[in-house]
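Please open the model in the viewer and keep the sequence panel visible. The stops below proceed from the whole chain to single residues.

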Amino acid sequence: MAGDEILKNTFANNAFEHFEIAAYKSLLALCSAAGMESARGPLEASLEEEERMAAWIDANVEKVTMEYVAHEQQAA
């Protein structure tokens, strides 16, 4: 495991959440065209969950980064 793996994973998680958000928005846009209005509710619920997770990651990037720095300083 790389020493900065926790930071890399944080960045990747942030990117992946935004990928999922875009995917759900695209699926929601297709609901009407595909005649799948029944899928709208579950897709909106999933979108909201992904948006909450993305917001949590965004709010915690600085904390994770600074904890990583503190850990590295202790190890040195």
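Begin with the whole protein in cartoon view: it has 2 helices and 0 strands, where helices (H or I, at least four residues) and strands (E, at least two) are DSSP runs numbered from the N terminus. The model is predicted, so local features need pLDDT of at least 70 and side-chain atom pairs count only at pLDDT 80 or more, while totals for chains, interfaces and linings use all residues. Residues are numbered from 1 along each chain as its sequence is written, and side-chain values use heavy atoms, with hydrogens and water left out.

**Whole chain**

Display the C-alpha trace, which spans about 60 × 20 × 10 Å along its principal axes. The protein has a radius of gyration of 17 Å, whereas a compact globule of 76 residues would have one near 11 Å; the radius is taken over C-alpha atoms, and the globule rule is 2.2 Å times the number of residues to the power 0.38.

Colour next by burial. Of the 76 residues, 18% are buried, meaning under 20% relative accessible area, with exposed over 50% and partly exposed in between (1.4 Å probe, protein chains only). Among contacts with a separation of 6 or more, 62% join residues 24 or more positions apart; a contact means heavy atoms within 4.5 Å.

**Helix H1**

Select residues 5-33, helix H1. The end C-alpha atoms of its 29 residues are 42 Å apart, which agrees with the 42 Å expected at 1.5 Å a residue, the expected span being 1.5 Å times one less than the number of residues.

Which residues of H1 are buried? Show Leu7, Thr10, Glu17, Glu20, Ile21, Leu28 and Cys31 as sticks to see them. These buried residues pack against helix H2 (40-75). An α-helix has 3.6 residues a turn, so residues three or four places apart point the same way.

**Two residues of H1**

Centre on Thr10, which lies in H1 and is buried because its relative accessible area is 11%. Beyond its neighbours within four places in sequence, Thr10 is in contact with Ile57, Val61 and Val64.

Move along H1 to Ile21, which counts as buried at 10% relative accessibility. Leaving aside neighbours within four places in sequence, Ile21 is in contact with Leu47, Glu50, Glu51 and Ala54. Add a C-alpha to C-alpha distance from Ile21 to Glu48: the two are 27 residues apart in sequence and 8.5 Å apart in space.

**After H1**

Finish at Gly35, just after H1, which takes a positive phi of about 65°.
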